[in-house]
Amino acid sequence: QTEHALPPKREIAIALPKGQRLDFLIEKGTELGLTHIYFLLLERSIRKEFNQERAERLVREAASQSNQHHLLQFSLLSWKDLVQAK
């Protein structure tokens, strides 16, 4: 069993996209090697719900197909929380 070094941080922050765009973002972000997506819950955002189980399944499938050794992580937070955390 080979240990894989942690990838360099590759993070983005974005409002929750509506429709199939969320699935596309998760799949392509995983394939491109993003390490974290911060989904921002903004006052004027159209989409407010987030199915974490579905997102985790999409990440696992995309990671498997693109031979990624580390899974993409994601967080839901407000803009204020993001600024304070960084």
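This briefing walks through the sheet, the aromatic cluster, the nonpolar core and one unusual loop residue. Keep in mind that the model is predicted. In brief, 3 strands form an open, parallel sheet, F39, F50 and F74 make up one aromatic cluster, and those three phenylalanines also turn up among the best-connected members of the largest nonpolar core.

**The sheet**

- The strand order is β1-β2-β3, and the pairing is parallel.
- β1 (11–15) and β3 sit at the edges with a single partner strand each, so one side of each has no neighbour in the sheet.
- On average, neighbouring strands are turned by 20° against each other, ignoring direction.
- β2 and β3 run parallel and are joined by 5 bridges.
- Across that pairing, Y38 stands opposite S75 in β3, and L40 stands opposite L77 in β3.
- To get from β2 to β3 the chain passes through α2, and this β-α-β crossover is right-handed.
- A handy reminder when you look at the strands: in a regular strand, side chains alternate between the two faces of the sheet.

**Helix α1 against the sheet**

- Helix α1 (residues 21–32) lies across β1 and β2, and runs at about 155° to β2.
- Once you set aside its neighbours within four places in sequence, L22 is in contact with L16, P17, F39, R47 and F50.
- Two of those partners, F39 and F50, belong to the aromatic cluster as well.

**The aromatic cluster**

- There are 2 aromatic pairs to look at.
- In the pair F39 and F50, the ring centres are 5.2 Å apart and the planes stand at 45°, so this pair is tilted.
- That pair links distant parts of the chain: F39 is in strand β2 (residues 36–40), F50 is in the loop between β2 and α2 (52–65), and they are 11 residues apart.
- F39 is buried, with a relative accessible area of 0%, and F50 also counts as buried at 16% relative accessibility.
- In the pair F50 and F74, the ring centres are 5.4 Å apart and the planes are at 75°, so the arrangement is edge-to-face.
- This pair also links distant parts of the chain, from F50 in the loop between β2 and α2 to F74 in strand β3 (residues 73–77), 24 residues apart.
- F74 counts as buried too, because its relative accessibility is 15% and the cut-off is under 20%.

**The nonpolar core**

- The largest nonpolar core has 13 residues, and the ones touching the most other members are L22, I26, I37, F39, F50 and F74.
- α1, β2 and α2 each supply at least two residues of this core.
- As background, nonpolar side chains tend to be buried together in soluble globular proteins.

**A loop residue to check**

- N67 is found in the loop between α2 and β3.
- Its backbone stands out: N67 has a positive phi of about 55° although it is not a glycine.
- For context, most residues other than glycine have a negative phi.
- N67 counts as exposed, because its relative accessibility is 61% and the cut-off is over 50%.

Definitions and conventions. Residues are numbered from 1 along each chain as its sequence is written. This is a predicted model: local features need pLDDT of at least 70, side-chain atom pairs count only at pLDDT 80 or more; totals for chains, interfaces and linings use all residues. Side-chain values use heavy atoms; hydrogens and water are left out. Rings of Phe, Tyr and Trp (its six-membered ring) pair if their centres lie within 6.5 Å; planes under 30 degrees apart count as stacked, over 60 as edge-to-face and the rest as tilted. Helices (H or I, at least four residues) and strands (E, at least two) are DSSP runs, numbered from the N terminus. Buried means under 20% relative accessible area, exposed over 50%, partly exposed in between (1.4 Å probe, protein chains only). Two strands pair if DSSP finds at least two bridges between them. Axes are lines fitted to C-alpha atoms, for helices over the stretch in contact, and angles run from 0 to 180 degrees between N-to-C directions. Contact means heavy atoms within 4.5 Å. A nonpolar core is a set of buried Ala, Val, Leu, Ile, Met, Phe, Trp, Tyr and Cys residues joined through side-chain atoms within 4.5 Å. A crossover is right-handed if, with the strands pointing away from the viewer, the path from the first strand over the helix to the second runs clockwise.
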